[in-house]
Amino acid sequence: MIVSKYSASGNDFVIFHTFVKKNRSELAKKLCHRQEGVGADGLIVLIPKSSLDNDYDFEWQFYNSDGSEAEMCGNGSRACAHYAFANELAPGKMSFLTVAGVINAEVEASNAKGGMVLSELTPPQILETNIEHNGKRWFKLNTGVPHLVHICDDIEFFDIAEARELRKKHNANINIVFVDGKNLRVRTYERGVEDETFACGTGMAASFYIAYKEGLVSNNIKVYPKSGETLYLGVNERSITFKGEVKKIFVTEI
Ligand SMILES: N[C@H](CCC[C@H](N)C(=O)O)C(=O)O
């Protein structure tokens, strides 16, 4: 089986396509394993559409590295869009079906090593605005998957033990966000990876949306995850747009 390894702002994925839709939880754990597999935060399986009457170009399955299936993955949606375009499975402007809903994506630039991709996420839903934990205020919202967000004053310290506790209590990804002038810096403990990742797209979107609703940033900004790569976040009348570079690291047979 031929698989591709992608990095989207430091969040990395194994991607392949097949017409067969089945449970791939065990395969995800095997392929994502950092020492015994390809190594990735998640597995993306692209399933080309089987009938012309679907109003999307393909369907996908997304699995975290622990084998859990997640409704959506922001960075994964950008990597998958480039993979689909590069493998002639979709046009540059595409839409695909995820558990969270249909995602629109556009490959704005592409070459053999990757490109620049914009995804439009599912409409954000603010669920709670005042969760108190250890004297800190957390927001809970869904940007395709559930996230907790805390607006912090020191991005250099991320309490992973506290994040793990909150992740278990709320079954959500955990984000701290720092307002850095006009832009944001975000760090995320990811559900299903069970550790901090170098970037989390839906987490950056959740953090951006809370900072925007709190009047701390404008509706079009740059967001910097742990990897330091630049992501462009915006709010439109429908949802949140999310743009950044994706890199095709290698293609291999397993
Ligand atoms: N770990 C997340 C799914 C992947 C989200 C993240 N990789 C992104 O880019 O949005 C969850 O289980 O809710």
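**Note on the cavity and the annotated sites**

1. C200 counts as buried, at 5% relative accessibility. Buried here means under 20% relative accessible area, exposed means over 50%, and partly exposed lies in between (1.4 Å probe, protein chains only). C200 sits in the loop between β13 (195-197) and α4. Helices (H or I, at least four residues) and strands (E, at least two) are DSSP runs, numbered from the N terminus. Setting aside residues up to four places away in sequence, C200 touches N11, N75, H147, T188 and E190; contact means heavy atoms within 4.5 Å.

2. The model is predicted: local features need pLDDT of at least 70, side-chain atom pairs count only at pLDDT 80 or more, and totals for chains, interfaces and linings use all residues. Residues are numbered from 1 along each chain as its sequence is written, and side-chain values use heavy atoms, with hydrogens and water left out.

3. The UniProt record, an unreviewed entry, marks C73 and C200 as "active site". Such positions follow the numbering used here, feature names are shortened, and annotations may be inferred rather than shown by experiment. The two cysteines span 128 residues in sequence, yet their C-alpha atoms are no more than 7.9 Å apart, so they gather at one spot. The lining of the largest cavity includes both C73 and C200.

4. C73 lies in the loop between β4 and α2. C73 is buried, at 7% relative accessible area. Beyond four places in sequence, C73 touches N11, F13, W60, F62 and T202.

5. How many cavities of 30 Å³ or more does a search of the whole structure find? The search finds 1. On a 1 Å grid over the protein atoms alone, a cavity is a set of points where a 1.4 Å probe fits but cannot get out, and lining residues have an atom within 4 Å of a point. The volume of the largest cavity is about 100 Å³. Grid points are joined across faces, edges and corners, and a volume is the space filled by probe spheres set on the points.

6. The largest cavity is lined by 15 residues, and those closest to its centre are N64, M72, V145, E190 and T202. By type, the lining divides into 6 nonpolar, 7 polar and 2 charged residues. (Ala, Val, Leu, Ile, Met, Phe, Trp, Tyr, Cys and Pro count as nonpolar, Asp, Glu, Lys and Arg as charged, and the others, Gly among them, as polar.) β4 (58-64), α2 (74-86) and α4 (201-213) each supply at least two lining residues.

7. The UniProt "binding site" annotation, also from an unreviewed entry, covers N11, N64, G74, N75, N173, E190, R191, G201 and T202. These residues are spread over 192 residues of sequence but cluster in space, with a largest C-alpha distance of 14.5 Å. The lining of the largest cavity includes N11, N64, G74, N75, N173, E190, R191, G201 and T202.

8. Two of these binding-site residues deserve a look. G74 is in helix α2 and is buried, at 1% relative accessible area. Among residues more than four places away, G74 touches S119, L121, G201, T202 and F242. T202 is in helix α4 and is buried at 3%. With the same sequence neighbours left out, T202 touches C73, G74, T143, V145 and H147. The side chain of T202 makes a polar contact with the side chain of H147 at 2.8 Å. A polar contact is a pair of N or O atoms within 3.5 Å; within protein, one must be able to donate a hydrogen and the other to accept it, and residues adjacent in sequence count only if both atoms are side-chain atoms.

9. Next, K5 in strand β1 (residues 2-8). Is K5 buried or exposed? K5 is buried, at 10% relative accessibility. The K5 side chain makes a polar contact with the side chain of D12 (3.2 Å). Outside four places in sequence, the contacts of K5 include R34, V38, K247 and F250.

10. S25 is in helix α1 (residues 25-32) and is buried, at 16% relative accessible area. The S25 side chain reaches the backbone oxygen of G67 at 2.7 Å.

11. Check two backbone angles. S9 is not a glycine, but has a positive phi of about 60°. S9 lies in the loop between β1 and β2 (11-17) and is buried at 1%. E194 also has a positive phi, near 60°. E194 lies in the loop between β12 (183-190) and β13 and is partly exposed, at 24%.

Definitions and conventions:
1 Å grid on protein atoms, 1.4 Å probe; cavity = no way out; pocket = protein on both sides within 12 Å on 5 of 7 lines; lining within 4 Å.
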